[in-house]
Amino acid sequence: MTATGDLLGQVVPTLVRVARRPGGVLLRVAGAGVAVFTLLALVLGLTGSGWGAWVPLALAGALGVPVVVLAVRRERLQAQTADLHLHRTIGASSRDLVVVGGVEPSPVQQELDALSAAMAEGAVRTARFLPRVEAAQRAALRAAGGPVQAPYLRDDLRVTIVALLGTVGAVPLSVLGSVVTAVLLLAR
């Protein structure tokens, strides 16, 4: 593993530990808001007449999707980085390399090769949706030494980012939906 891979292996678990509490709070707040909105919308749908009474329930369900996706992604990330700092992977050292042509690459040259391969990977933007994020993830995966060395980079970060934004948006929208649904229930 290169020094860049070692750095990623040290930084990512630290970032995950730092974001653990705020992420949990965000998920609990969004989950509670969506649950209240869903409960009120269900009561409105059951007591209402016509298909319009079920619209708030459909909206509550739509708000719940990013919250569930983010919760699943967060748990998976927590599991993948839980023991990352405890079990160091020992890769091949320069004395274990098979030398072709009689020239053994120096550690500096190995690091430069890994970084240039990561930069070349990051320059290719083939995705149509958030191409820079996808390219940065591929570059980080290449710099870290692949999915075996960096299992936390397997999941598509674009989905996680969209789920995070949807979860943040679900908090005020679920409060607004709950208030409107409660007013509709009281108006009956």
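Colleague: V168 lies in helix α5; what makes V168 count as partly exposed rather than buried or exposed?

Modeller: This is a predicted model, in which local features need pLDDT of at least 70 and side-chain atom pairs count only at pLDDT 80 or more, while totals for chains, interfaces and linings use all residues. Residues are numbered from 1 along each chain as its sequence is written, and side-chain values use heavy atoms, with hydrogens and water left out. Buried means under 20% relative accessible area, exposed means over 50%, and partly exposed is in between (1.4 Å probe, protein chains only). V168 has a relative accessible area of 45%, and is therefore partly exposed. The C-alpha atom of V168 is separated by 7.4 Å from that of A30, although the two are 138 residues apart along the chain.

Colleague: How do you know that the span of helix α5 agrees with its number of residues?

Modeller: A helix here is a DSSP run of H or I, at least four residues, numbered from the N terminus, and its expected span is 1.5 Å times one less than its number of residues. Helix α5 (residues 157-186) has 30 residues and should span 44 Å, and because its end C-alpha atoms are 43 Å apart, the two values agree. Nevertheless, α5 bends by about 35 degrees at A170, with the proline P172 following within four residues; the bend is the angle between axes fitted to the seven residues ending at a residue and the seven starting there.

Colleague: Why is the pair R76 and D155 called a salt bridge?

Modeller: Side chains of opposite charge can pair when their charged atoms come close. The term requires a side-chain nitrogen of Lys or Arg within 4 Å of a carboxyl oxygen of Asp or Glu, and the closest N and O atoms of R76 and D155 are 2.9 Å apart, so the pair qualifies. The pair links distant parts of the chain, 79 residues apart, with R76 in helix α2 (residues 55-81) and D155 in the loop between α4 (131-144) and α5. R76 is partly exposed at 35%, whereas D155 is buried at 16%.

Colleague: How many salt bridges does this rule give?

Modeller: The count comes to three. One of them joins R74 and E75, whose closest N and O atoms are 3.9 Å apart; R74 counts as buried at 19% relative accessibility, and E75 as partly exposed at 49%. In another, the side chains of D156 and R158 meet at 2.8 Å, N to O.

Colleague: What makes up the largest nonpolar core?

Modeller: A nonpolar core is a set of buried Ala, Val, Leu, Ile, Met, Phe, Trp, Tyr and Cys residues joined through side-chain atoms within 4.5 Å. The largest has ten residues, including L27, A30, F37, A163 and A170, and α1 (3-47), α2 and α5 each supply at least two residues of this core. Residues that F37 touches, not counting those up to four places away in sequence, include L63, S174 and T181, where contact means heavy atoms within 4.5 Å.

Colleague: Which helix has the lowest mean pLDDT among the elements?

Modeller: pLDDT is the predictor's confidence in each residue, from 0 to 100. Helix α3 (residues 107-123) has the lowest mean, 64, and α5 the highest, 94. Over residues 87-99 the pLDDT is below 50. Where pLDDT is low, the predicted coordinates should not be read in detail.
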